[in-house]
Amino acid sequence: MNEKFDSTKIDAALERAAQKSVHGTRGDRSGRFMAPKAFISYSHDSPEHKSWVLKLASDLRAIGVDVVLDQWDLALGQDVSLFMQKGISEADRVVLVCSSAYVSKSEKAVGGAGYERLIVTTEVVQSIDTRKFIPILRGSDPTRKLPIFLGPRMYVDFENDGDYDAKLVELAREIHGAPATSKPALGPNPFSSTPIASVIAETISPTGGEILRAGSPSNPWFLQERARAQDLVSKIGLTGYMEIEANVSHPLSKSQIELLNAVRLSEIRTFGWPIGVTLENREEYRPKPYKDGIKAEISITEGNRKSFDYWAVRSNGDFYLLQSLFEDSRKPNQIFFDTRVVRVTESLMFIETLYIKLGVPLEARVVIQITHGGLKGRELSAASPTRYMSSHRPADENESTSEITTTLGTMSETRVDDVRNIVEPMFTLFDFMQFNAAVYDEIVRNFERGIIR
């Protein structure tokens, strides 16, 4: 086995998933990299085996996986069973190092002594979603490689030290939700009597490509999500909101774990709660899986503070969000133009990164629709005291909707223009207000660098 991990074997896609967003590292922009968390469960077979597991954990951390390992996270005097329970429940994925001793011990009754409690057993697994598990082989028994409770599951084979680097990439890709290959688009049937143009239109529309307005029956998922979010936000007395609908022309079919990992890796924690926020501190706020994706609902009414975030993403990449306005926590009768530019910039960066994490090719078409509601009666102003604005007549319209169609690989290049095209129609509602291109360029590019002025 090589003593030093060869980082050159990690290709650009994995590096982006582990360390970077589209412009600079997550740490540069937000001060926090939202890495997927992995818990490693293994048997203390020998000092050599422990050292190998430690190396694996260290190498995974070097490429952006937040590994929880007893060798550095479990101290003397701690409850081993509680450590195991907490590690598995809080992890995005659980790596099972299936040595022959591990497989044998896993099928014994719960309640082993000391470090044996770190082994996932048949009894323990009854209360765990086994889709979290990633079995890997190291020192395994050729006749029974995996515990019975895993069944005929795919695994990563680390038995050959010469293949270590390649297998490490394979494991890291699975944890990051960054597949090496994406399923190609489905082409038309060349033997069909239906005209090719019609076949293509019928194939693309349901799976992504043309985002239709929220009220359109052609894409009922967005209509359904909007109705639910609008009902929930109205119940806490908030009328202002920003709404996002996005989809992509490239066909996807992602698991709930892959979706959750991609959302977490796409968060930008530069301004307040991020777009697609994932919270773990309270059960009711955690993202929840459902049959075709994941959803999160965060409704807060504490004293005078009210805020609302609702987002959903489904297996084909459709993304929906409704978020209450930041302005309502400061000056509810106003719209801050610079805050709106920042939030739309963040939204476009989030969507771009989300689709990259989901393995969408850079040539894919992305359609994004952003709506701002609750505008009527508000005045346009600035959040920053350094941006002077004269008084403007309040808006008479209550809602502004803009849509852009772009290419995933060019979103960073066109970001300033895209942001302007989305928010400028809204600003016009406030007594024909317009801002010059330099204002947009400054705010957008500063936010990309993690700066808000």
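What span should the 16 residues of helix 9 have at 1.5 Å a residue, and how far apart are its end C-alpha atoms? The legends below concern a predicted model, in which local features need pLDDT of at least 70, side-chain atom pairs count only at pLDDT 80 or more, and totals for chains, interfaces and linings use all residues. Residues are numbered from 1 along each chain as its sequence is written, and side-chain values use heavy atoms, with hydrogens and water left out.

**View A. Span of helix 9 (residues 220-235).** The expected span, 1.5 Å times one less than the number of residues, is 22 Å, and the end C-alpha atoms lie 23 Å apart, which agrees. Helices (H or I, at least four residues) and strands (E, at least two) are DSSP runs, numbered from the N terminus. Gly237, with a positive phi near 80 degrees, follows helix 9.

**View B. Buried face of helix 9.** Trp221, Phe222, Glu225, Arg226, Ala229, Leu232 and Val233 are buried (under 20% relative accessible area, 1.4 Å probe, protein chains only). Down the axis, the buried residues fall within an arc of 135 degrees, so they line one face of the helix; the arc is taken from the directions from the helix axis to the C-beta atoms.

**View C. Strand 3 (residues 93-98) and its partners.** Six of the six residues of strand 3 are buried, so the strand is largely enclosed by the rest of the structure. Arg93, Val95 and Val97 occupy one side, and Val94, Leu96 and Cys98 the other. Strand 1 (residues 37-41) runs parallel to strand 3, joined by four bridges (pairing requires at least two DSSP bridges), and Ile40 stands opposite Val95. Five bridges pair strand 3 with strand 4 (residues 133-137), also in the parallel sense, where Leu96 stands opposite Pro135.

Key. Buried means under 20% relative accessible area, exposed over 50%, partly exposed in between (1.4 Å probe, protein chains only).
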